[in-house]
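User: I am new to protein structures. Please take one strand and its surroundings, look at that part closely, and then show me how the rest of the chain is laid out.

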Amino acid sequence: METDSDSDGSHISATPPRDTTPPQPPPPPLLSSNKVRVAATISSRSNTTSKLKRASKQKPLKSRNETKTKPAEDDPLPIPLPSADFSILPGSSIKIHNRSNAISTHSSVENLMQGSLPSKFASFSKIRRPFFAAELTEENTIRPAPSTPQPKSTSGSDCVEDDGTFAGSVSREANSRTAHVNNPSKSMGRLPNLIRSNAHQPPAKRPKSAGEGNFVRLNINGYGRKFTNKWAKKRTSSTSGFRKSYRKRKAKSKTEGEADTNACDEDGLVVDIPQQQERCRNSTSAHESIQQAVLDVRNEPSDENLMKLLKLTHGYESFREGQLEAIKQVVAGRSVMLVLPTGFGKSLCYQLAALILPGITLVVSPLVALMVDQLRQLPPMIQGALLCSNQTSEEASMTLQQLREGAIKVLFVSPERFLNAQFMSMFQTTPPISLVVVDEAHCLSEWSHNFRPSYLRLKASLLRARLNVDCILAMTATATIKTLNVVMCALEIPATNFIQTSQIRENLQLSVTLSDNRLKDLLMLMKSTPLTEVWSIIIYCKFQSETDLLSKHLCDNNISAKSYHSGIPAKVRSRTQERFCSNKIRVVVATVAFGMGLDKSDVGAVIHYSLPENLEEYVQETGRAGRDGRLSYCHLLFDELTYFKLRSLLYSDGVDEYAVNRLLGQIFSNSTNLHGKICSLVKETASRKLDMKEQVILTVLTYLEVGEMQYIRLLPQLDVACTLYFHKTSPELLAAKDTLVATILKKSEIKQGNYTFDIPSVVNSIGISSVDILSNWLQKLKSQGEITYEVKEPAFCFTIVKKPEDFCCLATHVTRWLSEVENCKVRKLDAMFNAATFAAKACTKMDGCSGSQHTQCLQKKILDYFTRDENAPSCEFPTKMEHGSPFLQADIKVFLQSNSHVKFTPRAIARIMHGIGSPAYPSTIWSKTHFWGRYSKVDFPAVMQAAMTELMKSAGKEVS
Ligand SMILES: Nc1ncnc2c1ncn2[C@@H]1O[C@H](COP(=O)(O)OP(=O)(O)OP(=O)(O)O)[C@@H](O)[C@H]1O
């Protein structure tokens, strides 16, 4: 059962244990959940009640059911089928609002909103883990090279940032809706997150500039390699250029005899030229007003001045809860931890701050897709750009040039950039950085659901020392107390600067079904009200194969659906997303790969076809529904089998101490001679030899770099094996003319007449300063027709800073920590499963839950999860796992006997018994044994223990 899941949730992304010594001066930690919540409210809380009252008077909650969805042109609307009653689904008695029974619908809506809902919840975010692809290699060596790091990599660490490969412009247009709920005021009264204010009361028209909008042409798919901020571009382009193109267009329209003033500009946007000129004039005055408003705020950052600026820049009448406080703190130079729900307006906080602060605002974002989305959403008067590895060096230099000229206010980068010495030093020649924004800040903590080792570099101390930045805005939508503590500690954000608002969006109706036939139940759900009346639906699956199967099944049943996962070509994915956003596809059946940068406010329902791995994921994915504030439906279909499968998969990243020890041995072998030289570790070979996933190796390496002590310095990843093919001059003759060729020949192995060498070894021995010099030189020989060459074997590259004194002690420390991370993930899954099981089986329905509708009890569970002390065991509902089996020991014995030629560790045996493949014991081979996955219901540590006992017995026999 090797997973084809996109979640790769199983990857521990293990990383360094936290520094035990807090940074100087130590930031006041968030002591307890209570403390956090008290601090969280700061000033925002006091206004909440009155705001709610005001809001409830102002706007009614619209029911999605009452919206007439507009059928798309190229996909026929599914034929409405007789509605089914969910109550017939096993394990539930769902009673969802029936169209033919309007009164019951609305009363249910009221019921939903009337329940006593807690006002504070932690919430969701949208980051997704990258998909990792490995290539087969044969070597596994660590090699020395010169001390200067090479700046460019072919398959470098930046590959992670580029993983968000889907591109495509996203339609921002939601269907216009006019319907109202019969009695909405009651519901409204209980909605603390007035996200709907956006939907119901369109903002005042934004001031427009000549180059309105931040146009981005995506290059992720390989076509159009530009990340351009159009506004900035227009600023630098000359007027004559504009006139020329205008004349050209006009002439063209004349020759064609058409009075068409609409023309396609170079980027494919339709531009109305006379209007554009008018806009130019208007924009000058708008620009001046904004400049004046910025000056006013700088002089006096009062609520009134900030509000005025907000209106001018974004067209909004007021700030949402938490926004004003965050902006004020940041503008005053104080770091802030901001926790707001998904789609609540975190970006606006740094956008306004960027405008007010004098220097550059650097936004660290985990995925290119997200950066592109954020760049696109910048208001026109804020010039932005992004740096990513998809760009050509010319594009990157152009961005740098614009930065130097002060033409860019907001720069988006990935955390991997902080590996790059060139990047870190480039700010010496630009205006200073005023603010660093860490988006999806939970990625910084190993205790979050989405940990990214590269985020570990983002320590306040580094930002201060290398970028001279003191002010940090950390933002997330989903973080537990434990996660927040880690983030705030690393970024040195004092507890007093913690801003958290009400977290849950109450326009989401949460329902749950424990199902023993999910396919049948899903179809029934889709063919019943209210879903028959909802246009945009996302169905989340865990596995890629599942999404393909489901979308086909839905299509076969007259429901237009498309599958979306990272195995689908980027172009196709991009098109699916585009068509979904423009309402041409009704249903997208997706893995977690779908949602990043999704800019669609009118998703009416999110269905989970599998159990999410944790409540963070659940909250985040359900949060993609109803961002327009309308009543939206979130149904969770789950079964125990998937729970067992997911739980097993969480153990696929675990490592044994001896393997960590061996890894350390490889990294530091000959380290005395290697000081400052480039070393490499071929990913695939190391992974197979150590039976350790590449991602886990990277985590250990990151630990060695940014843990308590710095042992290595990571460099961008590289394909290290290079094969040369000589075409004109013979190798010997060329070597006689060129010392570089001579060195290569000395360092090469001859395979089938071709010369293969290790790039870091050659770079080290010829003493050149960077790998780039070597590759430029090879390129030159290639252009002369002398050679062709190919590179392969992606490797982790690093230089040794210090050799650990005690390998064993370090290995123990790292292993223990990795194991804690693993346990944390398992606990998160259990909490998700327990919450769903509680709703489906044990909820007494006293607090407003009914049928399969469990908004109230699930919201309570979520609140509890995000605010409780995670270290305290939560055993309100024991997990379903068995702790042993009478046949386990005997089966392991038989398994060992029948595979006596293979060496196993207890972990390897337990993985096979749980049906999990690993680099050294791949599922392609081991799934053939009939013990494969046989004990997935038995707790993994118990299976490991049994395997250990059996291995000891057989070893004892061998010795005697
Ligand atoms: N004060 C406000 N009034 C009205 N609308 C607002 C306000 N602030 C933000 N918005 C709008 O809310 C929407 C969501 O904002 P944004 O994308 O910044 O949310 P987010 O919290 O960053 O979301 P995510 O968690 O998905 O990253 C945007 O359309 C934004 O313009």
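Analyst: Start with a pair of strands. Strand β4 (residues 360-364) runs parallel to β6, and 4 bridges pair them. Within that pairing, L362 of β4 sits opposite L411 of β6. Keep in mind that this is a predicted model.

Now look at the other partner. Strand β5 (residues 384-386) is also parallel to β6, joined to it by 3 bridges. Here A385 is the bridge partner of L411 in β6. So what surrounds β6 itself? Strand β6 covers residues 410-413, and both of its faces are covered. V410 and F412 lie on one side. L411 and V413 lie on the other. All four are buried. A general pattern sits behind this: side chains in a regular strand alternate between the two faces of the sheet.

Stay with L411. Setting aside residues up to four places away in sequence, L411 touches I360, L362, V363, A385, L386, L387 and L403. The largest nonpolar core has 147 residues, and L411 and L473 touch the most other members. There is a second core, separate from that one, with 88 residues. I538, A605, I892 and V938 are among its members.

Next, compare another buried strand. In β16 (residues 678-682), 5 of the 5 residues are buried, so the rest of the structure largely encloses this strand. I678, S680 and V682 point one way from β16, while C679 and L681 point the other way. The partner here is strand β20 (residues 787-800), which pairs with β16 in the antiparallel sense over 5 bridges. In that pairing, V682 stands opposite A795 of β20.

Now a whole sheet. Six strands form an open sheet in the order β10-β15-β14-β11-β13-β12, with parallel pairing. Its edge strands are β10 (508-514) and β12 (561-564), each pairing on one side only. From one strand to the next, the twist averages 15°. Inside the sheet, strand β14 (residues 605-608) and strand β15 (residues 632-638) run parallel and share 4 bridges. I607 has H635 of β15 as its bridge partner.

Helices pack on this sheet too. Helix α18 (residues 518-526) touches β10, β14 and β15, and its direction makes about 165° with that of β15. Helix α19 (residues 544-556) touches β11 (537-540), β12 and β13 (587-590). The direction of α19 makes about 175° with that of β12.

Some helices meet each other. The axes of helix α10 (residues 303-314) and helix α12 (residues 346-356) come within 11 Å and cross at roughly 105°. The two helices are therefore roughly perpendicular to each other. By class, their contact has 5 nonpolar, 2 polar and no charged residues. From α10 come L309, L310, T313 and H314. From α12 come L348, L352 and L355.

Finally, step back to the full chain. The protein chain has 36 helices and 20 strands. Of its 960 residues, 53% are buried. Take the contacts between residues at least 6 apart in sequence: 83% of them join residues at least 24 apart. The strand we began with gives examples: L411 touches I360 and A385.

Note on methods:
Residues are numbered from 1 along each chain as its sequence is written. This is a predicted model: local features need pLDDT of at least 70, side-chain atom pairs count only at pLDDT 80 or more; totals for chains, interfaces and linings use all residues. A residue is buried if 20 or more other C-beta atoms lie within 10 Å of its own, exposed if 12 or fewer, and partly exposed in between; C-beta atoms are placed from the backbone. Two residues are in contact if their C-beta atoms, placed from the backbone, lie within 7 Å. Axes are lines fitted to C-alpha atoms, for helices over the stretch in contact, and angles run from 0 to 180 degrees between N-to-C directions. Angles under 35 degrees count as roughly parallel, over 145 as roughly antiparallel, 65 to 115 as roughly perpendicular and the rest as oblique. Ala, Val, Leu, Ile, Met, Phe, Trp, Tyr, Cys and Pro count as nonpolar, Asp, Glu, Lys and Arg as charged, and the others, Gly among them, as polar. Two strands pair if DSSP finds at least two bridges between them. A nonpolar core is a set of buried Ala, Val, Leu, Ile, Met, Phe, Trp, Tyr and Cys residues joined through C-beta atoms within 7 Å.
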